[in-house]
Amino acid sequence: MSVSAKPPLRILLCAPRGFCAGVVRAIDAVEEALRKFGAPVYVRHEIVHNRYVVEGLKRKGAIFVDELSEIPDTDAPVIFSAHGVPKSVPEEAEARRFHAIDATCPLVTKVHREAEIHHRRGRLVILIGHQGHPEVVGTMGQLPPGAVVLIETAEEVARLEIPPGTPLAFVTQTTLSVDDTRQVVEALKARFPEIVAPHKEDICYATTNRQEAVKRVAPQVDAMIVVGSPNSSNSQRLREVAERAGCRRAALVLRAEEIDWALFGAIGSLGITAGASAPEILVEEIIDAFAARYTVAVETVSTADESVFFPLPRALRPDAA
Ligand code: 0JX
Ligand code: SF4
C-alpha cells in the first residue's frame with residue numbers, strides 16, 4: 001500500500017496514562033535488588049500485572065513464584081509485589097529467615113493500616129473490592145478471619161447480615177471504578193448511616209486520573225484501546241469506563257500483535273490509554289502498528305498533572321546498611 005493510500009486516523013492519547021508511582025517503585029525495587037545483590041532475586045506474584053515487564057525482569061535474573069513455599073532456603077532477596085500481601089506472608093518469610101523486601105505500593109499499605117485501626121477500635125470492616133484479586137487477599141489478610149466482610153456491588157449491601165449495633169467502617173481496593181464505588185458507598189451509608197468512611201479516598205490518584213482522562217476522550221472517538229493485561233484490575237476498569245462513556249469499540253490490548261483488525265481496521269479516530277502497569281513502549285508499539293495502516297495524527301488530551309513519587313523500600317536506598 002502506498003503512503004498516500006493510507007486513510008487518515010486521528011489518535012487521541014489520554015494523559016495521564018501508564019505507569020503510576022507505585023509501579024515505578026515496585027519495578028525499580030526489583031532492578032535495584034538485582035544490581036545490589038545480584039541474581040537471583042525472588043518475586044512473589046507478578047511484580048505488576050504486565051507480562052512484558054515480568055519477562056524483562058526474568059531475563060535480568062528475577063524468579064517469579066506464586067507462594068514462598070516454592071522458594072528454596074536462600075540468602076537472595078524475596079520481594080513482595082505492588083499489590084500487597086496478607087500478614088501471613090511476611091511472617092512466613094521471617095520464619096524462613098528470608099531477606100524480604102516489601103514493594104507493596106504505599107497507597108495500598110495505607111489501606112492496610114486503616115483496616116487495622118478500625119479493627120483495633122472494635123469496628124467490623126467492610127471491604128469493597130473484587131473477590132480473589134491479590135490486593136483484596138492482601139487487605140483481608142491484615143486482620144483475623146471474620147474481621148473483614150468483602151462486597152463488590154451496591155446490590156450486596158442489602159443482603160449483608162450484620163447484627164444491629166455493630167460498629168462499622170469501610171475501606172476499598174485502590175483500583176476500582178470511581179463511579180461504581182460511589183454507588184456502593186451511597187448504599188452503605190443509606191443502610192448504615194453511622195459507618196466510618198476513609199479520611200481520604202482509598203481509590204488512588206492514578207486510578208482516578210486515568211479514568212477521568214478516558215471519560216474525556218471516549219465520547220470523541222470511534223474506538224478505544226486500553227494497553228494492559230486481562231489480570232490488571234485498573235486496566236479492566238479503564239476499558240469499562242470507555243464503554244460507559246459512549247465508546248462502543250473498547251478493547252484491552254497487551255501487545256500490538258493482539259489488535260483485532262476486524263474491529264480497528266475501518267475507523268476515523270482512536271483513543272489510546274494505558275493501565276498503571278503498562279509500559280509506554282507498548283503504547284508506542286501500538287501507535288506504530290496503526291501508523292503502518294493509517295496516516296496518523298497524534299494529539300494528547302490531558303486532564304491532570306501527576307508528580308507523585310515514592311522512594312524505594314528502605315533496604316534498597318543508597319544509605320541502607
Ligand atoms: O490489578 P491491579 O490494577 O491492582 O494491578 P496492576 O495492573 O499490576 O497495577 C499496578 C499495581 C496496582 C496496585 O494497586
Ligand atoms: Fe499504588 Fe495506585 Fe499505582 Fe496501585 S495503581 S500501585 S495504589 S499508585
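Student: How far is the polar backbone atom of Ser233 from an oxygen atom of ligand 1?

Tutor: A polar contact is a pair of N or O atoms within 3.5 Å. In this predicted model, a polar backbone atom of Ser233 and an oxygen atom of ligand 1 are 2.7 Å apart.

Student: Which part of Asn234 lies 2.7 Å from an oxygen atom of ligand 1?

Tutor: For Asn234 the partner is an N or O atom in the side chain. With His49, a backbone N or O atom is 2.6 Å from an oxygen atom of ligand 1.

Student: How much of ligand 1 does the protein bury?

Tutor: Taken alone, ligand 1 exposes 360 Å², and 96% of that is buried by the protein. The space that ligand 1 takes is the largest cavity.

Student: Which residues come nearest to ligand 1?

Tutor: There are 14 residues around ligand 1, and those that come nearest are His49, Ser232, Ser233, Asn234 and Ser277.

Student: How do the residues of the shell around ligand 1 divide into nonpolar, polar and charged?

Tutor: Sort each residue into one of the classes, then count. The shell of ligand 1 has three nonpolar residues, 10 polar and one charged.

Student: Which residues are around ligand 2?

Tutor: Ligand 2 is surrounded by Cys20, Gly22, Cys105, Leu107, Val108, Thr174, Cys204 and Tyr205.

Student: And how does the shell around ligand 2 divide?

Tutor: Sorted in that way, the shell of ligand 2 gives six nonpolar residues, two polar and no charged. Gly counts as polar in this scheme, and Gly22 is one of the residues around ligand 2.

Definitions and conventions
Residues are numbered from 1 along each chain as its sequence is written. Chains are lettered from A and ligands numbered from 1 in the order in which they are written. This is a predicted model: local features need pLDDT of at least 70, side-chain atom pairs count only at pLDDT 80 or more; totals for chains, interfaces and linings use all residues. Side-chain values use heavy atoms; hydrogens and water are left out. A residue is near a molecule or strand if one of its heavy atoms lies within 4 Å of it. A polar contact is a pair of N or O atoms within 3.5 Å; within protein, one must be able to donate a hydrogen and the other to accept it, and residues adjacent in sequence count only if both atoms are side-chain atoms. Accessible areas come from the Shrake-Rupley method with a 1.4 Å probe; for residues, only the protein chains shown count as cover. On a 1 Å grid over the protein atoms alone, a cavity is a set of points where a 1.4 Å probe fits but cannot get out, and a pocket is an open set with protein on both sides within 12 Å along at least five of seven lines; lining residues have an atom within 4 Å of a point. A molecule sits in a cavity or pocket if more than half of its atoms lie within 2 Å of its grid points.
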